[in-house]
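Dear colleague,

I am handing over the structure below, followed by notes on what was found in it. Please read them with the model open beside you.

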Amino acid sequence: MTNKADNVSKELERLRSLINDYNYQYYVLDDPSVPDAEYDRLYRELTQLEAEHPELITTDSPTQRVGAKPDSGFAEVVHELPMLSLDNAMDNDEMINFNRRVIDRLAFSGDIEYVCEPKLDGLAISLLYEDGVLTRAATRGDGTQGENITLNAKTIRSIPLKLRIENPPKRIEVRGEVFMLKSSFETINEEAREQGSKVFANPRNAAAGSLRQLDPQITAKRNLSFYAYSMGLVSDDFELEGQHFARLQQIKQLGLPVSSEVKVVKGIDGCLEYYQDISERRDSLQYEIDGVVNKVNEIALQERLGFVARAPRWAIAHKFPAQEEITQLTGVDFQV
Ligand code: NAD
């Protein structure tokens with residue numbers, strides 16, 4: 001190996017090992033040791049270096065997988081349809097490039113219809129309903145394998161234990177985000193302070209730490225919320241609509257909550273307007289969001305676009321600029 005190639009390999013190794021450690025702290029321990037902005041910077045460095053040296057990409061690189069494999073006391077759940085992550089756009093230009101890639105790949109003329117959704121800052125779960133009854137809830141985990149958190153999910157009041165339709169499908173999997181309202185987050189941290197125990201770094205960690213409690217009674221006290229944003233595997237006795245937005249309406253009809261902020265827009269201009277509008281209202285929302293998720297509305301187009309290793313090509317998270325670099329992580333202890 002030449003000196004230069006050797007240096008690149010070493011740098012890749014360093015980045016992968018750092019990111020793997022951060023992933024473990026964030027996803028398994030719910031206890032991050034660096035701010036998200038720092039993590040995102042390192043992750044981008046790794047992605048860029050790998051793009052310049054594709055021959056050095058390893059299958060165990062964090063860019064090739066979602067999250068981290070859980071190692072908790074919960075039973076394992078294997079996701080029949082992987083639960084993926086999302087690619088990020090850090091600014092308007094990256095959004096414009098995303099839209100361009102979609103149009104080029106589809107050889108599309110005109111405006112693509114997108115569904116814009118708030119990017120809820122919580123954690124992804126999958127809910128399985130069999131004959132209308134909630135039989136299993138699982139975390140996303142590393143995308144392939146998550147944790148069975150059924151008892152804990154049952155304590156979340158907005159998750160129906162039974163679907164609200166007459167003839168439920170044999171099987172339907174609904175996916176969405178568990179999150180904590182800002183008000184609940186404040187209350188929990190206030191209580192923790194009074195008791196002299198550790199406080200949570202942010203509502204995302206609080207939601208993850210609360211959902212992944214081995215004692216569901218603790219989860220029940222944490223007042224978690226849930227919004228659905230997609231479907232996983234569905235049995236063929238359920239007639240699925242052909243657009244993502246219409247599918248969200250179907251999810252609502254089943255009795256699951258969907259954010260009222262979800263909107264259909266036309267083209268990149270519609271995406272950028274939505275982003276601008278919601279970022280201005282961000283502080284007045286009852287929950288934390290860290291950006292907007294833009295999804296191609298037509299399922300047939302989504303299918304043509306397909307996936308890359310860890311994310312769909314038909315969706316992107318347009319992130320808000322990092323607000324709190326390190327402030328959140330100093331001066332407080334964290335609770336697992
Ligand atoms: P992500 O949070 O950037 O995006 C994917 C997730 O978005 C989904 O899994 C889902 O949970 C969520 N989501 C929210 N609203 C959604 C909607 N409407 N539709 C679809 N999905 C929606 O990806 P990730 O892989 O979960 O996490 C990566 C991010 O986590 C990083 O960018 C970083 O900021 C943070 N992170 C930080 C550390 C750290 O040490 N500080 C470590 C690991 C990850």
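The protein chain of this predicted model is divided into two parts, domain 1, which covers 3-64, and domain 2, which covers 76-328. Taken over C-alpha atoms, the centres of domain 1 and domain 2 are separated by 25 Å.

I would start with the helix pair α1 and α2. Helix α1 spans residues 3-28 and helix α2 residues 36-52, and the two pack at an angle of about 145° with their axes 10 Å apart, in a crossing that is left-handed. On the α1 side the contact is made by V8, E11, L12, L15, R16, L18, I19 and Y22, while α2 contributes Y39, L42, Y43, E45, L46 and L49. By character, the residues of this contact between α1 and α2 divide into eleven nonpolar and three charged, with no polar residue among them.

The same two helices matter for the next topic, the surroundings of the ligand. There are 25 residues around the ligand, of which Y26, D36, S85, E117 and A124 come nearest. Each of α1, α2, β3 (113-120) and β4 (123-130) supplies at least two residues of this shell, and the largest share, four residues, comes from α1. Both domains take part, since the shell around the ligand draws at least three residues from domain 1 and at least three from domain 2. In composition, the shell residues divide into 14 nonpolar, five polar and six charged.

Strand β4, which supplies residues to the shell around the ligand, also belongs to an open sheet of four strands, whose order is β5-β4-β7-β8 and whose pairing is antiparallel. The edge strands of this sheet are β5 (133-139) and β8 (224-234), each of which pairs on one side only, and from one strand to the next the twist averages 30°. Between β4 and β5, which run antiparallel, there are six bridges; in one of the bridged positions, I125 has T139 of β5 as its partner. Helix α6, residues 203-211, packs on the sheet and touches β4, β7 (171-180) and β8, and its direction makes about 125° with that of β7.

When you go through the model, which residues come nearest to the ligand would be a good place to begin: they are Y26, D36, S85, E117 and A124.

With best regards

Notes
Residues numbered from 1 in each chain as written. Predicted model: local features only at pLDDT ≥ 70, side-chain atom pairs only at ≥ 80, totals over all residues. Domains from an automatic or database assignment. Axes fitted to C-alpha atoms, helices over the stretch in contact; angles between N-to-C directions. Left-handed = near helix turned anticlockwise from the far one by under 90°. Contact = placed C-beta atoms within 7 Å. Nonpolar A, V, L, I, M, F, W, Y, C, P; charged D, E, K, R; others polar. Near = placed C-beta within 6 Å. Pairing = 2+ DSSP bridges.
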